[in-house]
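I opened the model today to look up its pockets, cavities, sheets and domains. My notes follow in the order I took them.

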Amino acid sequence: MLPEIRINLISDTVTQPTEEMLAQMMSAKTGDDVFREDPTVNELEGRMAEIFNKEAGLFCPSGTMTNQIAIKVHTQPLDEMLCDVSSHVYQYELGGYAFHSGIAVTPIHSPKGKLSPEMLSEHIRPAQDWFPNTRLVVVENTGNRAGGLFYTLGELKEISAFCSSSGLSLHLDGARIFNAMVAGGYGGKEVGPLMDSISVCLSKGLGAPVGSVLLGTAEFIARARKIRKVMGGGMRQAGILAAAGLYALDHHIERLRDDHRRASKLRESLLKCSYVHSVKDAPTNILIFELEEALDTASFLQQLRLHGIQASAFGRQSIRFVTHLDLSDEMIEEVCHVLENGILVP
Ligand SMILES: *Cc1c(COP(=O)(O)O)cnc(C)c1O
């Protein structure tokens with residue numbers, strides 16, 4: 001029988017709510033949010049909007065929903081969006097841009113998973129009857145498949161200026177925007193005004209059990225509320241969930257530095273291992289590395305599993321580790337020890 005999983009490196013979505021977070025959830029004031037009468041949801045939406053200097057917010061069940069609502073509000077059928085080929089909206093949302101919004105996509109193969117005005121300008125379509133209308137750009141910060149890379153504030157400013165001058169809307173998939181802000185040394189008030197809309201996940205690094213917040217102008221969010229309802233995302237006494245988000249905003253942002261430091265520690269350990277072919281930079285909480293041909297991913301993962309450690313494959317020879325709230329320095333040391341001493345190469 002396999003030992004129980006004690007150290008889960010699969011994703012930052014696996015965290016359990018802490019006791020303090022649960023206590024705040026249990027004592028949340030609630031109301032019917034479809035009637036806008038849940039004070040805790042209203043507080044979370046207002047607070048997040050204020051952090052990013054946007055007019056309004058909308059609490060939704062998932063980051064997929066906040067992204068898909070944003071795409072729907074920004075576009076018309078026969079429009080097109082531009083995003084990096086590795087981005088969540090292209091890879092992991094089932095082609096929702098086509099399903100919900102009837103738009104096309106041009107995924108851009110950027111060298112490092114980060115877009116630039118030069119790359120975007122190459123892909124804007126001329127106005128011809130046979131082309132979709134290039135309408136929307138989606139940037140992901142930090143980039144998930146990109147290995148937790150973050151945009152600098154300067155890079156975001158360049159993209160924003162380019163989109164404004166080209167008549168393109170700009171949506172930020174900020175599932176891990178707080179990781180980017182902590183690592184990049186910039187604040188929400190600097191990022192927010194550069195974007196037309198932002199999706200922020202509470203259930204990733206922030207450690208809440210459920211939810212994402214969509215941000216934009218009051219007019220944008222009024223439209224988004226209708227789309228959320230038609231998608232079945234109008235929730236009733238959702239303040240119980242929003243309370244976890246408020247708790248996370250108070251207590252789980254600065255500590256993201258620990259996650260980043262721990263990902264770097266794992267990276268240093270992997271660099272010492274002869275069965276590791278290459279390790280990407282780990283600027284935030286995501287670490288992607290490749291194994292030498294002699295060791296296949298299934299065997300590597302199985303050996304970790306025998307030590308109670310779980311991780312996931314991220315390509316043929318690729319593995320991803322993600323650090324999060326439910327890990328400690330001791331656990332990271334244990335993983336390093338197993339990586340350096342406990343892996344057999346057949
Ligand atoms: C997790 C994630 C989302 C949203 O995911 P949900 O599971 O639907 O909340 C969106 N974008 C990125 C980059 C993500 O990592």
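**Entry 1: the largest pocket**

I started with the lining of the largest pocket, where strand 10 gives the most, with three residues. Strands and helices here are DSSP runs, numbered from the N terminus: E over at least two residues for a strand, H or I over at least four for a helix. I noted the source too: this is a predicted model, where local features need pLDDT of at least 70, side-chain atom pairs count only at pLDDT 80 or more, and totals for chains, interfaces and linings use all residues. Residues are numbered from 1 along each chain as its sequence is written, and side-chain values use heavy atoms, with hydrogens and water left out.

How much space lies in the largest pocket? I read about 190 Å³. There are 13 lining residues, and Arg145, Lys280, Ile288, Glu290 and Ser318 are the closest to the centre. Strand 9 and strand 10 are the elements that give two or more residues to this lining. By class I logged five nonpolar, four polar and four charged residues.

My terms: on a 1 Å grid over the protein atoms alone, a pocket is an open set of points with protein on both sides within 12 Å along at least five of seven lines, while a cavity is a set where a 1.4 Å probe fits but cannot get out; lining residues have an atom within 4 Å of a point. Grid points are joined across faces, edges and corners, and a volume is the space filled by probe spheres set on the points. For the classes, Ala, Val, Leu, Ile, Met, Phe, Trp, Tyr, Cys and Pro count as nonpolar, Asp, Glu, Lys and Arg as charged, and the others, Gly among them, as polar.

**Entry 2: the domains**

I checked which domains supply the largest pocket. Domain 1 (19-251) and domain 2 (255-341) each give at least three residues to its lining. These bounds come from an automatic or database domain assignment. The domain centres, taken over C-alpha atoms, are 29 Å apart. The contact takes 17 residues from domain 1 and 14 residues from domain 2. Contact means heavy atoms within 4.5 Å.

**Entry 3: the four-stranded sheet**

I followed strand 10 into its sheet. The sheet is open, has four strands in the order 9-10-13-12, and pairs antiparallel. Two strands pair if DSSP finds at least two bridges between them. Why is one side of strand 9 left without a neighbour in the sheet? Strand 9 (276-279) and strand 12 (312-313) are at the edges with a single partner strand each, so one side of each has no neighbour in the sheet.

Strand 9 and strand 10 (residues 286-291) run antiparallel and are joined by three bridges. Val276 has Leu291 as its bridge partner in strand 10. The two strands make a hairpin with six residues between them.

Helix 13 (residues 297-306) lies across strand 10, strand 12 and strand 13 (318-322), at about 35 degrees to strand 13. Axes are lines fitted to C-alpha atoms, for helices over the stretch in contact, and angles run from 0 to 180 degrees between N-to-C directions.

**Entry 4: the second largest pocket**

I found about 160 Å³ of space in the second largest pocket. It has 15 lining residues, and Thr64, His88, Ala175, Cys201 and Lys204 are the closest to its centre. Helix 3 (residues 63-74) gives the most, three residues. The classes are three nonpolar, seven polar and five charged.

**Entry 5: the cavities**

I counted two cavities of 30 Å³ or more. The largest cavity holds about 60 Å³. Asp84, Ser86, Ser87, Gly113 and Glu140 are the closest to its centre, out of 13 lining residues. Strand 5 (residues 133-140) supplies the largest share, three residues.

The second largest cavity holds about 40 Å³. Its lining includes Ala175, Cys201 and Lys204. Helix 8 provides the largest share, three residues. I logged seven nonpolar, three polar and two charged residues.

**Entry 6: the seven-stranded sheet**

I traced strand 5 into an open sheet of seven strands, order 2-8-7-6-5-3-4, with mixed pairing. Strand 2 (56-60) and strand 4 (104-108) are its edge strands, each pairing on one side only. The twist averages 20 degrees from one strand to the next. Strand 3 (residues 79-84) pairs with strand 5 in the parallel sense over five bridges. Leu82 stands opposite Val137 in strand 5.
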